[in-house]
Amino acid sequence: MNSYYKDIIRFMTIHKEGKGMLLALFVIIVLVDVVAYIYFGDTNMTVAYAIFGLAAVVFLFFLNFFRNPKREFAGFEEGMIVAPADGTVVVSELTHESEYFNEDKIQVSIFMSVLNVHANWYPTNGKVVYYTHTDGAFMKANLPKSSTENERSTLVIETNSGVRILLRQVAGALARRIVTYAREGHESDVNKQLGFIKFGSRVDLYLPTDAEILVGLKQKVTANQTVIARLKK
């Protein structure tokens with residue numbers, strides 16, 4: 001059973017980032033349905049039913065997008081890097097990280113489609129030692145340049161053993177808002193959410209070059225569940 005259906009079965013709530021939008025959308029849909037019934041109820045119920053159905057599909061789409069599954073990662077060990085986002089691994093390679101480290105790192109990038117859970121979790125335990133938000137473009141999040149040219153939030157986490165890793169939330173062509181709760185001095189805990197990205201995006205991780213990568217390209221991963229790497233002790 002894949003992660004999507006497991007989330008449906010698990011106890012699930014609506015993410016706080018979507019509650020206001022869903023309430024407003026529900027009110028609009030009710031008004032549209034009332035108007036459709038007034039105009040078509042006596043003449044053409046087929047059109048009215050079509051409008052009712054379309055409105056329901058739109059609401060269910062946004063309801064699905066803002067789902068917030070209850071997840072707990074058990075058995076964490078020092079050095080584990082757990083997937084911070086649901087999605088597909090689109091990059092796993094050695095690259096030069098120029099914003100913070102200015103040295104080569106292993107980049108692992110996870111692309112989130114509109115069907116994935118869009119909450120982001122901390123990938124390891126430790127402490128946030130750096131945070132910044134950078135305005136930028138909104139090109140497709142699966143393009144390589146999106147990591148450095150799109151709007152993005154960057155944070156660096158120092159593990160309890162003193163190793164620093166970088167995580168970057170990247171906006172996409174549809175994503176117009178990155179929400180980051182993490183700030184310098186905050187505790188990093190794999191069972192806590194660090195933020196949320198709306199409507200399609202990606203999360204990049206930059207790890208030490210001697211890290212053991214446990215996932216491959218095009219592999220599906222689940223946030224707060226899939227171990228994607230191990231750091232050397």
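Author: Two strands pair if DSSP finds at least two bridges between them. Helices (H or I, at least four residues) and strands (E, at least two) are DSSP runs, numbered from the N terminus. This is a predicted model, in which local features need pLDDT of at least 70 and side-chain atom pairs count only at pLDDT 80 or more, while totals for chains, interfaces and linings use all residues. Residues are numbered from 1 along each chain as its sequence is written, and side-chain values use heavy atoms, with hydrogens and water left out.

Reader: Thanks, that helps! How many helices and strands are there in the protein chain?

Author: Happy to start there. The protein chain has 233 residues, and 46% of them count as buried (under 20% relative accessible area with a 1.4 Å probe, protein chains only; over 50% is exposed, in between partly exposed). Among contacts (heavy atoms within 4.5 Å) between residues at least 6 apart in sequence, 72% join residues at least 24 apart. As for the elements, the count is four helices and 16 strands.

Reader: How are helix α2 and helix α3 placed, roughly parallel or roughly antiparallel?

Author: Helix α2 covers residues 16-40 and helix α3 covers residues 45-65, with axes 9 Å apart and an angle of about 175°. Axes are lines fitted to C-alpha atoms over the stretch in contact, and angles run from 0 to 180 degrees between N-to-C directions. Under 35 degrees counts as roughly parallel, over 145 as roughly antiparallel, 65 to 115 as roughly perpendicular and the rest as oblique. The two helices are therefore roughly antiparallel.

Reader: How do the residues of the contact of α2 with α3 divide into nonpolar, polar and charged?

Author: On the α2 side the contact includes Leu22, Phe26, Ile29, Asp33 and Phe40, and on the α3 side it includes Val47, Ile51, Phe52, Phe59 and Leu63. Ala, Val, Leu, Ile, Met, Phe, Trp, Tyr, Cys and Pro count as nonpolar, Asp, Glu, Lys and Arg as charged, and the others, Gly among them, as polar. The tally is 19 nonpolar, no polar and one charged.

Reader: On to the sheets. Which strands stand at the edges of the open sheet of eight strands?

Author: Its order is β11-β7-β8-β9-β13-β5-β4-β15, with antiparallel pairing. A strand at the edge has a single partner, so one side of that strand is left without a neighbour in the sheet. That describes β11 (187-188) and β15 (220-221).

Reader: Which residue in β11 is the bridge partner of Lys127?

Author: Strand β7 spans residues 126-134, and two bridges join this strand to β11 in an antiparallel run. Within β11, the bridge partner of Lys127 is Glu187.

Reader: Which residue in β16 is opposite Ile81?

Author: An open sheet of three strands, with antiparallel pairing, has the order β3-β16-β14. Three bridges join β3 to β16, while two bridges join β14 to β16. Ile213 stands opposite Ala229 in β16. The residue opposite Ile81 is Ala229.

Reader: How many of the five residues of β12 are buried?

Author: Strand β12 (residues 193-197) has three antiparallel bridges to β6 and three to β10 (residues 178-180). Trp121 stands opposite Gln193, and Val179 stands opposite Phe196. The strand is mostly covered, and its number of buried residues is four.

Reader: Which backbone oxygen does the side chain of Asn224 reach, and at what distance?

Author: Asn224 lies in the loop between β15 and β16 and counts as buried, because its relative accessibility is 0%. Leaving out residues up to four places away in sequence, Asn224 touches several others, among them Arg71, Phe73, Trp121 and Asn191. A polar contact is a pair of N or O atoms within 3.5 Å; within protein, one must be able to donate a hydrogen and the other to accept it, and residues adjacent in sequence count only if both atoms are side-chain atoms. Here the partner is the backbone oxygen of Val190, at 2.4 Å.

Reader: At what distance does the side chain of His118 reach the backbone oxygen of Ser113?

Author: His118 lies in the loop between β5 (103-112) and β6 (119-121). This residue is buried, with a relative accessible area of 0%. Its side chain reaches the backbone oxygen of Ser113 at 3.4 Å.

Reader: One last thing: how far apart in space are Val163 and Lys232, C-alpha to C-alpha?

Author: Val163 lies in the loop between β8 (152-159) and β9 (164-171) and is partly exposed, with a relative accessible area of 22%. Beyond four places in sequence, Val163 is in contact with Ile157, Glu158, Pro208 and Leu231. Val163 and Lys232 are 69 residues apart in sequence, and their C-alpha separation in space is 9.3 Å.
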